[in-house]
Amino acid sequence: MNDSIKQESLGELVANEIRKAIWNKELEFGQRLIENDLSEKYDVSRSTIRDALKILEYEELVISKPRKGTYISPFSNRDWREIIELRTIVEAYAFAKAIPKLEDAQINKLEMILEEMRINTINESWRNLFDLDMKFHSYVVNLSGNSRVIRIYESIQVQIRTFLVNLDKYYSNHQSFYEEQKELFETMLTKDPELIDKKIRIHIEYVEGKLLAND
């Protein structure tokens, strides 16, 4: 029993390392993943690698092709569009529901995340900025209090974070990405549902026009 728990935990740890490698662009979309290579790289058994790949396959971050192997999902423009559309639907609803619960403690928490983002504009770390962007949005979604909406969001968080890998090409610099997040926060402080709905849609859908312009 204990060995099973340890093995499952180790598989998750390796899955997390592979996610990071994708988000850091060390692994490419569509690239084949070789079990032996991964086993040597992370110094774990092939069974642990298979456990990790099953986790990633469930998250749709990798795909398994019979008799061909396992590949990082190539993510077509249609996939990206569907992720953007679902994120917009969920967050527009969740942000509106979260506004009445936005009090001093919650505002302070979001300000702390923004401050971390500001620091990372100085460090010029896209990876940390994207992680903090997810932290900010996830916090607000959880404030909505709708357990089913929260579960839906949790189920697509890995795909959303993976989508963010594309964004560094569409911002002039790290500061502009931070400023956009800050504007969203300031709009939230108005507690005007219509303004917030409009802002969150612009915030999420801005890059769709850039990324998918040629589709």
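A pocket, in the sense used here, is an open set of grid points with protein on both sides within 12 Å along at least five of seven lines. In this predicted model, the largest pocket has a volume of about 190 Å³. Its lining is made up of Glu57, Glu60, Val62, Ile63, Ser73, Phe75, Asp79, Glu82, Ile83, Leu86, Ile156 and Gln159. Sorted by class, these lining residues are 6 nonpolar, 2 polar and 4 charged. Three elements, namely strand 2, helix 4 (77-98) and helix 7 (147-163), each contribute at least two residues to this lining. Helix 4 gives the largest share, with 4 residues.

One of the pocket-lining residues, Ile63, offers a good way into the rest of the fold. Ile63 belongs to strand 2, which covers residues 62-65. Is Ile63 buried or exposed? The answer falls in the middle: buried means under 20% relative accessible area and exposed means over 50%, so Ile63, at 31%, counts as partly exposed. Beyond its neighbours within four places in sequence, Ile63 touches Gly69, Thr70, Tyr71, Ser73 and Pro74. Separation along the chain can also be set beside separation in space. Tyr93 is 30 residues from Ile63 in sequence, and their C-alpha atoms are 31 Å apart.

The sheet comes next. Strands of a sheet pair through backbone hydrogen bonds, either parallel or antiparallel. Here, 3 strands build an open sheet in the order 1-3-2, with antiparallel pairing. Strand 1 (32-33) and strand 2 are the edge strands, since each of them pairs on one side only. Strand 3 consists of residues 69-72, and its antiparallel pairing with strand 1 runs over 2 bridges. Within that pairing, Leu33 sits opposite Thr70, while Arg32 has Tyr71 as its bridge partner.

Strand 2 and strand 3 are also antiparallel, and 4 bridges join them. Among the residues involved is Lys65, whose bridge partner in strand 3 is Gly69. The two strands form a hairpin with 3 residues between them, and there Arg67 adopts a positive phi near 65 degrees. Helix 3 (residues 46-58) lies across strand 1, strand 2 and strand 3, and its direction makes an angle of about 110 degrees with strand 2.

Thr70, a member of strand 3, helps to show how these pieces meet. With a relative accessible area of 13%, Thr70 is buried, because this value is under 20%. Apart from neighbours within four places in sequence, its contacts are Gln31, Arg32, Leu33, Leu53, Val62, Ile63 and Ser64.

The loops deserve a look as well. Most residues other than glycine have a negative phi. Asp43 is not a glycine, yet its phi is positive, at about 55 degrees. Asp43 is found in the loop between helix 2 and helix 3, and its relative accessibility of 69% makes it exposed. Val44 lies in the loop between helix 2 (35-42) and helix 3 too. Val44, however, is buried, with a relative accessible area of 13%. Which residues does Val44 contact, leaving aside neighbours within four places in sequence? They are Leu10, Val14, Ser39 and Ile49. One of these contacts, Val14, is 30 residues away from Val44 in sequence, although the C-alpha atoms of the two are 8.7 Å apart in space.

Another positive phi, near 60 degrees, occurs at Lys191, again a residue other than glycine. Lys191 is placed in the loop between helix 8 and helix 9. At 40% relative accessible area, Lys191 is partly exposed.

Finally, the interior can be searched for enclosed space. Rolling a probe the size of a water molecule over the atoms shows where empty space is left. How many cavities of 30 Å³ or more does the count give? There is 1, and the volume of the largest cavity is about 110 Å³. The lining of this cavity involves 14 residues, of which Arg87, Leu164, Leu167, His203 and Ile204 are the closest to its centre. Helix 4, helix 7, helix 8 (174-190) and helix 9 (193-211) are the elements that each give two or more residues to the lining of the largest cavity. By class, that lining holds 10 nonpolar, 1 polar and 3 charged residues. Helix 4 and helix 7 thus appear in the lining of the largest pocket and also in that of the largest cavity.

How values were computed:
Residues are numbered from 1 along each chain as its sequence is written. This is a predicted model: local features need pLDDT of at least 70, side-chain atom pairs count only at pLDDT 80 or more; totals for chains, interfaces and linings use all residues. Side-chain values use heavy atoms; hydrogens and water are left out. Buried means under 20% relative accessible area, exposed over 50%, partly exposed in between (1.4 Å probe, protein chains only). Contact means heavy atoms within 4.5 Å. Two strands pair if DSSP finds at least two bridges between them. Axes are lines fitted to C-alpha atoms, for helices over the stretch in contact, and angles run from 0 to 180 degrees between N-to-C directions. On a 1 Å grid over the protein atoms alone, a cavity is a set of points where a 1.4 Å probe fits but cannot get out, and a pocket is an open set with protein on both sides within 12 Å along at least five of seven lines; lining residues have an atom within 4 Å of a point. Grid points are joined across faces, edges and corners, and a volume is the space filled by probe spheres set on the points. Ala, Val, Leu, Ile, Met, Phe, Trp, Tyr, Cys and Pro count as nonpolar, Asp, Glu, Lys and Arg as charged, and the others, Gly among them, as polar.
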